[in-house]
Amino acid sequence: MSETVAAEKLGFKAEVRELLKLMIHSLYSHREIFLRELISNASDANDKLRFLALSDPALLGEEPDLAIWVEADDKAGTITIRDNGVGLAREEAIAHLGTIAKSGTAEFFGKLTGDAQKDSQLIGQFGVGFYSAFIVADTVTVESRKAGLGAGEGVRWQSSADGEFTVETITRQARGTSVILKLKDDAKEFADVWRLRSLVRRYSDHLAFPVYMPKQGAATLDWEAVNQAKALWTRPRNEITDEEYTEFYRHITHDGEPPLAWSHNRVEGQREYTSLLYLPARAPFDLSHRDAARGLKLYVKRVFIMDDAEQFLPLYLRFVKGIVDSSDLPLNVSRELLQNDPEVEAMRSALTRRALDMVARLARDEPEKYATFWKEFGAVLKEGVAEDYGNRDKLLPLLRFASTHEAGDEDKTSLADYVARMKPGQDKIYYQLADSRSAARSSPHLEQLAARGVEVLLLGDRVDPWIMGQMGEFEGRGFQDVARGDLDLSKLGGEAAKAEADDPAHEALFGRVGKALEGQVSAVRASHRLTESPACLARSEDDLGEQMRRMLAAAGRSDLPEVKPVLELNATHPLVQRLSGLEDAEFGELARLLYDQARLTEQGQIDNPGDYARRLNRLLLKLLQ
Ligand code: ADP
């Protein structure tokens, strides 16, 4: 048997090689994070074994107390981090230590710029894990024995970060994993006992397992715990420092950035559980994938049960990280059981409210951080308006919008800001949908509103048409898409303009335009929206809008009804006024041109751009003759 499992030399996957190179260069100024990552992995390995032992107690064998040991040899220049957790079998060492299994790896590499400063931020966000060992080590050796396997089935994995690693089967008495770092010459400082001890304490105080280091000054090797060995969330809030909360966040997320906020709560009484929720500062790469891994780390009575327990928060809060520790759920709870459990359903409602309260606190107390939060997660949080009717009152005040009141495309305006700036007589909150905020801003639909100083919210996210349709009311005010209906602004002043627009003398002209555009528009009428532009398109209140149509079509719907828009003409515009005097041929040309322009401003595209260009050129030529 030993012949078939001799040492084997293997290559890293290409992306691991890339990552290693990059990490070694760009994380140089935060080299100590390797300890955080390796201690974090050791703690995860212990967590996993404790979980497996719930159904197979024999796995713990003679060594039921799970712990972590860290030791340095300053003469040899090595550091060893050992756990007695779940361990790795030979095949697992090859699979887990030679590849990056994380989702979004390809996107991650696509985003690298070659600029060390920017890339190191990205790396922090990606979470480097085990490979951070190579920031300080020339050679990394992992020796492990998987819980449940015999002493002869240990594995040694070794690499010098040169693109290859070796794996061999060894005899190992101890269960679990030792990671042995042969420090680079310029990283020998980490073998200094006191330096190491203070770092280990920083990175382990929040963990549930004791972390032992050799007692100083003792004649023989004597281990002492350097941390409290109490899971962070089980401690009282007022005894936990911000730094500890941040370290714990890093342990569970591998995110290099500190979180924006957290919320730590214990619920007692009929139902007992503790939750610790965090708001990250940056969106992960896979945030837009609605089926990417998400959810909380689940513990039952302080025993780790599973990662990514998604049943405790709704999809639109998928950016929230954290843990939940229940005293009521059974230890053998499975994903399937979580799905149908009324207990879990009740916790989910309460945790959703807690998460929204945490977001609301950030919005109220730290507007700058909230702006960061909104930029990263606003488009996801918004989904809640459509998905979580029950929490709409909590959600609407959290929304931020670009608006005609502010220059620029940033979302700065809250609904409360908007309402405070409403004009006398204004009873609706106006918004414009387009493919981008800047396209919304330049829409002709805004002209009359702008002339009256009425503010309009500018929306350009893909999900906006869906969400804006579900807004309901905010403080008793309804929402109005400025491209819909006939937008009668007479209550807001400007009666004269309306009267002129409604002049019955235009009827004949509109009828003629309607004929020229037969099959393209459902009607032609005078516009109450325009001042500068000659024409625009409008829709009735319940038509599918253009953005919504595209969103549904992209989602695979092919049964969408074809609804033709209304062409609105600005009766005071010279082009429109000149129309009536034209012969049929020229009349048709100009009518089509106005229609195509209106489509361009609304949708950024027309059916026959070539025809449009030729038509425009014919008119230009005439002008120049
Ligand atoms: P992550 O922890 O984010 O999955 P890492 O690069 O840190 O990524 O580790 C990769 C994998 O290697 C882990 O998922 C785990 O399966 C395995 N591993 C790392 N350290 C240990 C350890 N001390 N004991 C057992 N398995 C480990």
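**Exercise 1. The shell around the ligand**

How do the residues of the shell around the ligand divide into nonpolar, polar and charged? Work it out, then look for the polar side-chain atoms that lie close to ligand atoms.

*Solution.* Keep in mind that this is a predicted model.

- Step 1: Start with the neighbours. The ligand is surrounded by 11 residues, and the closest are Asn41, Asp83, His96, Gly129 and Phe130.
- Step 2: Sort the shell by type. There are 4 nonpolar, 5 polar and 2 charged residues.
- Step 3: Find the helices involved. Both α2 (33-55) and α3 (90-97) contribute at least two residues to the shell.
- Step 4: Look at individual atom pairs. Asn41 has a polar side-chain atom 2.8 Å from an oxygen atom of the ligand. In the side chain of Asp83, an N or O atom is 2.9 Å from a nitrogen atom of the ligand. For Thr177, a polar side-chain atom lies 3.3 Å from a ligand nitrogen atom.
- Step 5: Finish with the cover. On its own the ligand has 530 Å² of accessible area, and the protein covers 80% of this.

**Exercise 2. Placing Ser334**

Where is the place of Ser334, and why does Ser334 count as partly exposed?

*Solution.*

- Step 1: Locate the residue. Ser334 sits in the loop between β14 (321-326) and α9 (335-339).
- Step 2: Judge its exposure. Ser334 counts as partly exposed because its relative accessibility is 23%, and that class runs between the cut-offs of 20% and 50%.
- Step 3: Compare sequence and space. Met306 is 28 residues from Ser334 in sequence, while their C-alpha atoms are 8.7 Å apart.

**Exercise 3. The partners of β8**

Which strands do bridges join to β8?

*Solution.*

- Step 1: Take β2 (residues 68-73). This strand runs parallel to β8 (residues 211-214), and 2 bridges join them. Here Ile68 stands opposite Val211.
- Step 2: Take β9 (residues 223-225). This strand is antiparallel to β8, with 3 bridges between them. Pro214 has Trp223 of β9 as its bridge partner.

**Exercise 4. Reading a sheet from edge to edge**

What is the order of the 5 strands in the open sheet with mixed pairing, and which of them stand at the edges?

*Solution.*

- Step 1: Write down the order, which is β15-β17-β16-β19-β18.
- Step 2: Identify the edges. β15 (402-403) and β18 (473-474) each have a single partner strand, so one side of each lacks a neighbour in the sheet.
- Step 3: Examine one pairing. β15 pairs with β17 (residues 457-459) in the antiparallel sense over 2 bridges. The bridge partner of Ala402 in β17 is Leu458.

Key
Residues are numbered from 1 along each chain as its sequence is written. This is a predicted model: local features need pLDDT of at least 70, side-chain atom pairs count only at pLDDT 80 or more; totals for chains, interfaces and linings use all residues. Side-chain values use heavy atoms; hydrogens and water are left out. A residue is near a molecule or strand if one of its heavy atoms lies within 4 Å of it. A polar contact is a pair of N or O atoms within 3.5 Å; within protein, one must be able to donate a hydrogen and the other to accept it, and residues adjacent in sequence count only if both atoms are side-chain atoms. Accessible areas come from the Shrake-Rupley method with a 1.4 Å probe; for residues, only the protein chains shown count as cover. Helices (H or I, at least four residues) and strands (E, at least two) are DSSP runs, numbered from the N terminus. Ala, Val, Leu, Ile, Met, Phe, Trp, Tyr, Cys and Pro count as nonpolar, Asp, Glu, Lys and Arg as charged, and the others, Gly among them, as polar. Buried means under 20% relative accessible area, exposed over 50%, partly exposed in between (1.4 Å probe, protein chains only). Two strands pair if DSSP finds at least two bridges between them.
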